[in-house]
Amino acid sequence: MEFDWLDILTTVLGLVYIWLEYRASIWLWLIGVVMPALDIVLYWRHGLYGDAGMAVYYTVAALYGFAVWRFKKTKKEHKPLPIIHMPQKYYLPTLVFFLVAWGLTYYVLITWTNSTVPLLDAFTNALSFVGLWALARKFLEQWLFWIVVDAVCTYLYIMKGIPFKAGLYGLYVIIAVAGYYKWKKMAKITEYERV
């Protein structure tokens with residue numbers, strides 16, 4: 001088996017990214033620009049066109065995430081955004097957005113690419129849109145979205161012969177579970193500090 005240097009490099013960057021995300025460090029967004037920019041090439045070369053398109057979105061969205069984390073403050077205290085639960089008012093719009101994004105991405109993949117995994121590729125892309133938005137808003141539930149995305153991506157990357165990336169996403173599943181519980185504790189601390 002021939003190794004792809006981009007697979008190895010983006011895997012290393014992915015480890016740094018998830019460690020920074022776990023720690024809720026704003027520096028995750030710097031890696032969030034560089035890693036997906038390289039992923040565009042990696043995924044395209046392996047026929048994961050939906051993931052390549054998603055990597056373009058990730059690159060741009062990382063700039064948005066950085067701006068929100070750096071400059072958006074709470075209304076009352078003018079402090080950085082705290083980690084909170086996703087408000088219920090977002091549940092239905094988020095579900096509708098996900099389903100529409102999944103359908104549209106699937107249509108694009110089957111119409112204009114030779115993707116061999118359009119249903120799953122579209123699924124992970126649509127749910128990733130939601131996950132990245134939830135991460136930028138510091139919603140605890142973002143970890144739940146990523147657990148599902150990471151598990152499906154692990155399977156896809158094994159199928160597509162990208163072993164290092166598959167291993168990284170398998171590790172992401174474990175770290176996402178740990179991250180959920182860490183952020184849950186951090187959210188409780190934030191709630192306690194408000195009292």
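Helix 2 contributes the most to the lining of the largest cavity, six residues in all. Keep in mind that what we are looking at is a predicted model.

Helix 2 runs over 28–45, and it has company around that cavity. Helix 1 (5–22), helix 3 (49–71), helix 5 (118–136), helix 6 (142–159) and helix 7 (163–194) also each supply at least two residues of the lining. How much space lies in the largest cavity? About 260 Å³. Of the 18 residues lining the largest cavity, those closest to its centre are Tyr-17, Met-35, Tyr-58, Trp-146 and Tyr-169. How does the lining divide into nonpolar, polar and charged residues? There are 14 nonpolar residues in the lining of the largest cavity, one polar and three charged.

Now the other one. The structure holds two cavities of 30 Å³ or more, and the second largest has about 90 Å³ of space. Which residues line the second largest cavity? From the stretch up to Tyr-58, they are Tyr-43, Asp-51, Met-54, Ala-55 and Tyr-58 itself. Further along the chain come Thr-124, Asn-125 and Ser-128, then Val-149, Cys-153, Tyr-157 and Tyr-169. Helix 3, helix 5 and helix 6 are the elements that give two or more residues to this lining. Helix 3 gives the most here, with four residues. By class, the lining of the second largest cavity has eight nonpolar residues, three polar and one charged.

Two names come up twice. Tyr-58 and Tyr-169 are among the residues closest to the centre of the largest cavity, and Tyr-58 and Tyr-169 are also in the lining of the second largest.

Next, a helix pair. Helix 4 covers residues 91–112. Helix 4 and helix 5 pack with their axes 8 Å apart, at an angle of about 140°. Why call the pair oblique? Angles over 145 degrees count as roughly antiparallel and 65 to 115 as roughly perpendicular; the angle here is about 140°, and helix 4 and helix 5 are therefore oblique to each other. Their crossing is right-handed.

Last, confidence. The chain averages a pLDDT of 89, and 92% of the residues score at least 70. Which element has the lowest mean pLDDT, and which the highest? The lowest among the elements of the chain is helix 7, at 85, and the highest is helix 4, at 96. Helix 7, then, supplies at least two residues to the lining of the largest cavity and has the lowest mean pLDDT among the elements.

Note on methods. Residues numbered from 1 in each chain as written. Predicted model: local features only at pLDDT ≥ 70, side-chain atom pairs only at ≥ 80, totals over all residues. Heavy atoms only, no water. 1 Å grid on protein atoms, 1.4 Å probe; cavity = no way out; pocket = protein on both sides within 12 Å on 5 of 7 lines; lining within 4 Å. Points joined across faces, edges and corners; volume = space filled by probe spheres on them. Nonpolar A, V, L, I, M, F, W, Y, C, P; charged D, E, K, R; others polar. pLDDT = per-residue confidence, 0-100. Axes fitted to C-alpha atoms, helices over the stretch in contact; angles between N-to-C directions. Parallel < 35°, antiparallel > 145°, perpendicular 65-115°, else oblique. Left-handed = near helix turned anticlockwise from the far one by under 90°.
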